[in-house]
Every structure is written in structure tokens, then in C-alpha cells.
Amino acid sequence: MLYPWQHEDWRRLNLERARLPNAWLFTGLGGIGKSAFAEHLAQSLLCDRPGPEHAPCGECEACRWYALGSHPDFRRLSPLLDEDEEKTSRKLLTIKIEAVREVIDFTHLTSHRNGQRVVLVEPAETMNPAAASALLKVLEEPPPDVLFLLVAHAPQRLLPTIRSRCRQYALAAPGREVALSWLREQGMAMPATELAHHGGAPLFDHDPALAEVRDGFISALAKPSLASMLTQAERVDKHKLTLAVPLEWMQKWLHDLAAQGLSGEIRYFPDQQDALHALSRRADLMQLFRCQDALLHLVPFGQHPLNVRLQLEGLFMDYLKVFG
Ligand SMILES: [Zn+2]
């Protein structure tokens with residue numbers, strides 16, 4: 001399936017079919033549908049009766065298998081929680097070498113249906129170093145009739161040698177109006193607020209209960225007081241959110257606060273413009289950068305089961321110092 005804003009990218013890609021590479025690397029902002037696009041391509045290549053514009057028919061045997069996730073000539077490499085690292089300070093989602101090896105074995109089999117085989121790797125930047133070098137070896141000597149589709153939000157984190165083995169393809173983010181109308185079609189309340197909060201990328205998990213916690217949290221940041229911040233820390237704790245969630249909210253808030261002071265252009269919280277304007281006039285920029293630093297130090301621990309309330313309270317103390 002393609003999203004409404006992807007048709008131009010799809011037409012552009014179809015022009016390159018005459019000389020398909022062994023590997024594509026799809027890049028672009030998170031939350032714009034890169035994986036869906038790569039999957040559309042995979043299904044289109046496996047489909048027995050593709051229609052106009054190479055669209056998969058959705059009805060043939062291959063398409064039915066694909067929809068069930070059981071097409072024998074298709075493999076997907078996605079991250080799993082890294083068990084080995086659970087006892088250390090970080091919990092990371094990684095693609096590990098065992099999974100890559102399995103896929104390599106698959107690429108050396110012959111196709112079940114005498115056609116193309118497709119391997120989707122997403123997000124490719126989550127391969128750990130061993131997995132990445134194993135994949136690189138395959139990309140250097142690609143087996144015939146195997147197409148690799150790599151998807152990355154942060155391609156700079158891939159090995160340069162992997163990047164150079166792929167044909168890079170930047171996918172466009174939707175314009176604001178297109179994204180808003182799509183969100184409205186999905187029945188979302190307050191689409192403009194949500195879209196801004198997600199940096200203009202329309203694909204995100206929307207949880208109204210979580211949005212309510214976030215709005216309370218942001219309101220407290222907008223009118224900083226010790227009492228309200230302690231209440232928010234407690235609330236986040238009560239909802240059993242991982243630290244990553246409030247950190248992301250606060251990171252975006254601090255971004256807008258700094259941007260308001262420096263350029264007057266805010267990105268994530270346009271509905272809080274007045275509050276941001278008033279706060280930025282009171283803000284000590286050095287303290288604001290210190291608070292951003294303290295936050296960045298916590299980001300690697302976002303999935304770790306440490307005391308979320310305690311960490312947030314510490315961060316709020318730094319935030320209050322921004323306003324003297
Ligand atoms: Zn089909």
C-alpha cells in the first residue's frame with residue numbers, strides 16, 4: 001500500500017526498473033511511510049500479475065502469501081530486544097548477526113517460484129556491527145535474483161561501505177496540508193497539534209490517553225513551578241511510561257524554547273507560542289543549554305527500568321534553574 005503522498009516517489013522509482021540495483025537504500029524522516037513504500041515494492045516484484053504502474057494486484061497467490069507474511073521468497077530483518085545487553089545500562093533494539101546469517105542462507109537457496117527473492121532490512125541502522133559486516137559481505141557479492149531493500153531514518157549511522165553498495169533513494173515527507181487531510185480522514189481529533197508535535201511526520205501511534213498525559217506535562221513546562229512539576233513526575237510514574245517518553249516531550253519543548261529565543265521559529269508546539277514567547281524572555285540561555293545537556297545524557301537510558309520519577313525530578317530542577 002502506498003500513502004497518498006508517495007505516488008510521485010513511486011512513479012520516479014518505476015522509471016528505474018529497467019536497471020534494478022542489487023540493493024536499494026530508502027531514506028527520509030521517521031514516520032513518513034518508508035517501510036510501507038519498500039513493502040509495496042517487494043510485493044510488486046513478487047506479484048504474479050502486477051497492474052498499471054507496477055502495482056501489486058492484491059489477489060494472486062503471491063500477493064495472498066505476501067499479505068499473510070508467508071511468501072517463501074521474502075524475508076524481513078527487523079530488530080529484536082538484545083537480551084545480552086539487558087543487564088548493562090542500555091537496552092537496545094538491534095538486528096543481530098544470527099538473524100543476518102539466516103537471511104544469507106535464504107539468499108543462497110533457489111527461489112521457490114523461479115523469480116525474484118526480496119530481503120527487507122528495517123531500520124537498517126539497528127544492525128549491530130557484526131550483523132552489518134555480515135550483510136556487507138553479501139552486498140559485495142550479491143547472489144543472483146536477490147534484491148535487498150534497506151530502510152533507514154539515520155543513514156549516516158550505516159557503514160559507509162554499505163551505503164555505497166546501495167542505490168540511495170530519498171523519500172519525500174508529505175506537505176503539511178496533505179498530511180493534515182490524511183490525519184483528518186483517519187478521524188484524528190486535533191490533527192494540527194499532533195502533526196506539529198510529531199515534527200510534520202504523519203505516521204505515529206496515537207493514544208488519546210497518552211496525549212492527555214503529554215498535554216498536562218507540557219502545560220506544566222509552560223508554567224514552571226516546583227509543585228506542578230513534581231505532580232507531573234508522579235503522573236508519568238503512575239502511567240508506567242518509560243523514561244524515553246517524557247524525555248522526548250521535554251526535548252522537543254526545550255528545542256522550541258531555544259528556537260523561540262534564537263530565531264522566533266518554533267516547530268513542535270505552535271499552540272504554545274504565547275507561553276514559549278513569554279518564557280524565552282525570562283530564560284537564561286546558558287542554563288537552558290545545561291538542561292538540554294542533562295537531558296541528552298539520559299536519552300541512552302530511555303528504555304532502562306530505572307527510577308523514572310527520580311530522573312525526571314532531577315531534570316525538572318535543572319529546568320527551573322533556566323528561569324532563575
Ligand atoms: Zn499479485
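**View A. Val121 pairs with Leu150 of strand 6 in a predicted model**. Leu150 is the bridge partner of Val121. Strand 5 (residues 117–121) and strand 6 (residues 146–152) run parallel and share 5 bridges. Strands are DSSP runs of E, at least two residues, numbered from the N terminus; a pair needs at least two DSSP bridges. Residues are numbered from 1 along each chain as its sequence is written. In this predicted model, local features need pLDDT of at least 70, side-chain atom pairs count only at pLDDT 80 or more, and totals for chains, interfaces and linings use all residues; side-chain values use heavy atoms, without hydrogens and water.

**View B. An open parallel sheet has the strand order 2-5-6-1-7**. It has 5 strands. Strand 2 (74–77) and strand 7 (167–170) are the edges; each has a single partner strand, so one side of each lacks a neighbour in the sheet. From one strand to the next, the twist averages 20°.

**View C. Four cysteines bind the zinc ion**. The donors are SG atoms of Cys47, Cys57, Cys60 and Cys63, at 2.3 to 2.4 Å. Donors are N, O and S atoms within 2.8 Å of the metal (3.2 Å for Na, K and Ca); water is not among the atoms, so sites may look incomplete. Their spacing along the chain is C-x9-C-x2-C-x2-C. The arrangement is tetrahedral because the 4 donor atoms subtend angles of 103 to 117° (four donors, all angles between 85 and 135 degrees).

**View D. Cys60 is buried, at 2% relative accessible area**. Cys57 is partly exposed, at 26%. Buried means under 20%, exposed over 50%, partly exposed in between (1.4 Å probe, protein chains only).

Definitions and conventions
Four donors count as tetrahedral if all angles lie between 85 and 135 degrees; four count as square planar and six as octahedral if opposite donors are over 155 degrees apart and all others between 65 and 115; anything else is irregular. Helices (H or I, at least four residues) and strands (E, at least two) are DSSP runs, numbered from the N terminus. Axes are lines fitted to C-alpha atoms, for helices over the stretch in contact, and angles run from 0 to 180 degrees between N-to-C directions.
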